[in-house]
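I opened a new notebook page for this structure. I wanted to look things up one at a time and write down what I found.

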Amino acid sequence: MSYKNQLLKLYSKQSLMLFSVIASPFFASFLMAANLRTTKNSKKIPIIMIYALIFTFLVNGMVFNAGGGAMSFFLVFGLNFLGGFVLNTFFWNEYLGKDIIYEPKSSQKPILFFIVYLLIATFVQAKLLQ
């Protein structure tokens, strides 16, 4: 894909993978959706979001059935890595192009959003458990 002498600013594959593993493929799918919007490929966003939702429900079901403890922790990270791998290989290559040339976009805003989300979720959970 070529974009008329214009270097696009996209969230990198590394950012997608990092968000997938640390947060979840669901959060990483928002970065991928932003990339698709930037490349004027917005029609593919629902497919990415459906994949992320199904994947998240499957992971949550597996973790719930695994019980808890260290096994669940490693299961989540392993499955999140798998989800990020699918985003980075199949979806990226199919919808953005394997050889797309881009300028990496800063991940500061998504990181800040995720931290705020964690703080709110922790606060709400603490209030509900009182």
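My entries follow, from the whole chain down to single residues.

**Entry 1: the whole chain**

I noted at the start that this is a predicted model. I looked up the secondary structure and found 5 helices and 2 strands in the protein chain. Then I read off their order. From the N terminus, the elements go β-α-α-α-α-β-α.

I looked up the dimensions next. Along the principal axes, the C-alpha atoms fill a box of roughly 55 × 25 × 25 Å. The protein chain has 130 residues, and 37% of them are buried. I also checked how far apart in sequence the contacts reach. Of the contacts between residues at least 6 apart, 76% join residues at least 24 apart.

**Entry 2: helix α2**

I picked α2 and looked up its extent. The helix covers residues 25–38, which is 14 residues. From first C-alpha to last, α2 reaches 20 Å, close to the 20 Å expected at 1.5 Å a residue.

Is α2 mostly covered or mostly open? I found it mostly covered, with 10 of its 14 residues buried. I listed some of them: P25, F27, A28 and S29 are among the buried residues, and so are L31, M32 and N35. Past the helix I came to K40. This residue follows α2 and has a positive phi, near 60°.

**Entry 3: T38**

I stayed with α2 and turned to T38, which is found in this helix. I looked up its accessibility. T38 is partly exposed, because its relative accessible area is 28%, between the limits of 20% and 50%.

I then asked which residues T38 is in contact with, leaving aside neighbours within four places in sequence. The list is L8, K9 and L10. I looked up β1 as well: the strand spans 8–10. I also took one distance from T38. Y102 is 64 residues away from T38 in sequence, and their C-alpha atoms are 11 Å apart in space.

**Entry 4: S12 and W92**

I moved to the loop between β1 and α1 (13–22), where S12 is found. S12 has 8% relative accessibility, so S12 counts as buried, the limit being under 20%. Beyond four places in sequence, S12 touches W92, Y102 and P104.

That contact took me to W92, which sits in helix α4. Is W92 buried or exposed? W92 counts as buried, because its relative accessibility is 1%.

I went through the contacts of W92, again leaving aside neighbours within four places in sequence. From α2, W92 is in contact with M32 and N35. Its other contacts include Y11, S12, K13, L87, G97, I100 and Y102. L16 is in contact with W92 too. I looked up how far apart these two are. They are separated by 76 residues in sequence and by 9.9 Å in space, C-alpha to C-alpha.

**Entry 5: the largest pocket**

I looked for the largest pocket and found about 290 Å³ of space in it. It is lined by 15 residues. Those closest to its centre are A23, S24, F27, N60 and Y117.

Which elements give two or more residues to this lining? I noted α2, α3 (45–66), α4 (70–97) and α5 (108–128). The most comes from α5, with 6 residues. I sorted the lining by class. It has 9 nonpolar residues, 6 polar residues and no charged residues.

**Entry 6: aromatic rings**

I counted the aromatic pairs and got 10. One of them is F26 with F27. Their rings are 6.2 Å apart, centre to centre, with 80° between the planes, and the pair is edge-to-face. I compared how covered the two are. F26 is partly exposed, at 24% relative accessibility, whereas F27 is buried, with a relative accessible area of 16%.

I then looked at F90 and F91. Their ring centres are 5.0 Å apart and their planes are at 75°, so this pair is edge-to-face. F90 is partly exposed, with a relative accessible area of 45%, but F91 is buried, at 6%.

Last, I looked up the company F27 keeps. F26, F27, F30, F114 and Y117 form one aromatic cluster. I had met F27 and Y117 before, among the residues closest to the centre of the largest pocket.

Conventions
Residues are numbered from 1 along each chain as its sequence is written. This is a predicted model: local features need pLDDT of at least 70, side-chain atom pairs count only at pLDDT 80 or more; totals for chains, interfaces and linings use all residues. Side-chain values use heavy atoms; hydrogens and water are left out. The expected span of a helix is 1.5 Å times one less than its number of residues. Buried means under 20% relative accessible area, exposed over 50%, partly exposed in between (1.4 Å probe, protein chains only). Contact means heavy atoms within 4.5 Å. On a 1 Å grid over the protein atoms alone, a cavity is a set of points where a 1.4 Å probe fits but cannot get out, and a pocket is an open set with protein on both sides within 12 Å along at least five of seven lines; lining residues have an atom within 4 Å of a point. Grid points are joined across faces, edges and corners, and a volume is the space filled by probe spheres set on the points. Ala, Val, Leu, Ile, Met, Phe, Trp, Tyr, Cys and Pro count as nonpolar, Asp, Glu, Lys and Arg as charged, and the others, Gly among them, as polar. Rings of Phe, Tyr and Trp (its six-membered ring) pair if their centres lie within 6.5 Å; planes under 30 degrees apart count as stacked, over 60 as edge-to-face and the rest as tilted.
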